[in-house]
Amino acid sequence: MSDSIKIIVQNRKARRDYKVLDTYEAGLELRGTEVKSLRQGRGNLKDSYARIEANEAFLHNLHISEYTQGNRFNHDPVRKRKLLLHRYEINRLRGHVEKKGLTLIPLRLYFKRGKAKVELALAQGKREYDRRHDIAARDAKREIERALKERTLTHRR
């Protein structure tokens with residue numbers, strides 16, 4: 001069965017700055033004007049993170065712009081929003097975050113079957129030398145592919 005997924009926004013810096021160990025899908029508790037604003041594609045995951053507080057998971061610093069026709073009932077753009085997860089998922093995440101020193105970061109925000117979902121990553125922060133290593137490996141791979149492409153082009157002639 002294919003689920004229709006419409007991606008609203010992605011956190012592109014997340015994979016650069018963090019090593020993703022595991023991912024979870026969580027629902028979001030949103031207000032009406034927030035949903036309408038997200039349907040217009042007006043969300044931003046930059047600098048957002050998730051935290052477990054009192055047996056509940058919350059998403060902090062998710063910026064959802066105010067709905068243009070929202071009048072006085074509009075929402076606060078950066079309020080903390082409750083994540084909808086199963087109890088065992090929250091307990092598992094709490095254990096990883098407290099014991100191993102990992103963080104919860106959102107990778108992408110999307111609509112799935114009409115419901116707003118966020119893909120959470122259990123991640124470990126990368127050091128500066130890890131980032132440099134990744135860049136060097138990517139450059140080396142690009143050079144190899146370029147050399148192979150040139151070789152096959154000259155070989156065909």
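Student: Is Lys 82 buried, partly exposed or exposed?
Tutor: This is a predicted model, so we work from its computed values. Buried would need under 20% relative accessible area and exposed over 50%. Lys 82 has a relative accessibility of 25%, so the residue counts as partly exposed.

Student: Which residue forms a salt bridge with Lys 82?
Tutor: Look for a carboxyl oxygen within 4 Å of the side-chain nitrogen. The closest N and O atoms of the pair are 3.1 Å apart. The partner lies in strand E5, whereas Lys 82 is in strand E7, 26 residues apart. At 30% relative accessibility the partner is partly exposed, and its name is Glu 56.

Student: How many salt bridges are there by this rule?
Tutor: Side chains of opposite charge can pair when their charged atoms come close. Glu 56 with Lys 82 is one such pair, and Arg 79 with Glu 34 is also one, at 2.9 Å from N to O. By this rule the count comes to 9.

Student: How many residues apart in sequence are the parts that Arg 79 and Glu 34 tie together?
Tutor: Both of these residues are buried. Arg 79 sits in the loop between strands E6 and E7, and Glu 34 in helix H2. The pair therefore ties together parts whose separation in sequence, in residues, is 45.

Student: Which residue is linked with Glu 34 and Arg 79 in a network of salt bridges?
Tutor: We already know that Arg 79 and Glu 34 meet through their side chains. The network links these two with Arg 81.

Student: What separates Arg 142 and Asp 139 along helix H4?
Tutor: These two form a salt bridge, with the closest N and O atoms 3.3 Å apart. Both are partly exposed, Arg 142 at 42% and Asp 139 at 36%. Being 3 residues apart in H4, they are separated by about one helical turn.

Student: Which element gives the most to the largest nonpolar core?
Tutor: Nonpolar side chains tend to be buried together in soluble globular proteins. Here the largest core has 24 residues, and those with the most contacts inside it include Leu 28, Leu 83 and Val 118. Among the elements giving two or more residues are E2, H3 and E8. With 4 residues, the element that gives the most is E9.

Student: Which residues of strand E9 does Leu 83 touch?
Tutor: Strand E9 runs over residues 115-125. Leaving out residues up to four places away in sequence, Leu 83 touches Ala 26, Leu 28, Phe 58 and Leu 59, among others. Its list also holds two that fall within that strand, Val 118 and Leu 120.

Student: How far apart in space are Glu 119 and Glu 25, C-alpha to C-alpha?
Tutor: Glu 119 lies in strand E9 and counts as buried at 14% relative accessibility. Beyond its neighbours within four places in sequence, its contacts include Thr 23, Tyr 24 and Leu 107. Although Glu 119 and Glu 25 are 94 residues apart in sequence, their C-alpha distance is 4.7 Å.

Student: Which element gives the most to the lining of the largest pocket?
Tutor: The largest pocket has a volume of about 240 Å³. Its lining has 15 residues, and among the closest to the centre are Asn 11, Lys 13 and Asp 47. By class there are 6 nonpolar, 4 polar and 5 charged residues. Strand E1 and helix H1 each supply at least two, and the most, 4 residues, come from H1.

Conventions:
Residues are numbered from 1 along each chain as its sequence is written. This is a predicted model: local features need pLDDT of at least 70, side-chain atom pairs count only at pLDDT 80 or more; totals for chains, interfaces and linings use all residues. Side-chain values use heavy atoms; hydrogens and water are left out. On a 1 Å grid over the protein atoms alone, a cavity is a set of points where a 1.4 Å probe fits but cannot get out, and a pocket is an open set with protein on both sides within 12 Å along at least five of seven lines; lining residues have an atom within 4 Å of a point. Grid points are joined across faces, edges and corners, and a volume is the space filled by probe spheres set on the points. Ala, Val, Leu, Ile, Met, Phe, Trp, Tyr, Cys and Pro count as nonpolar, Asp, Glu, Lys and Arg as charged, and the others, Gly among them, as polar. A nonpolar core is a set of buried Ala, Val, Leu, Ile, Met, Phe, Trp, Tyr and Cys residues joined through side-chain atoms within 4.5 Å. Buried means under 20% relative accessible area, exposed over 50%, partly exposed in between (1.4 Å probe, protein chains only). Contact means heavy atoms within 4.5 Å.
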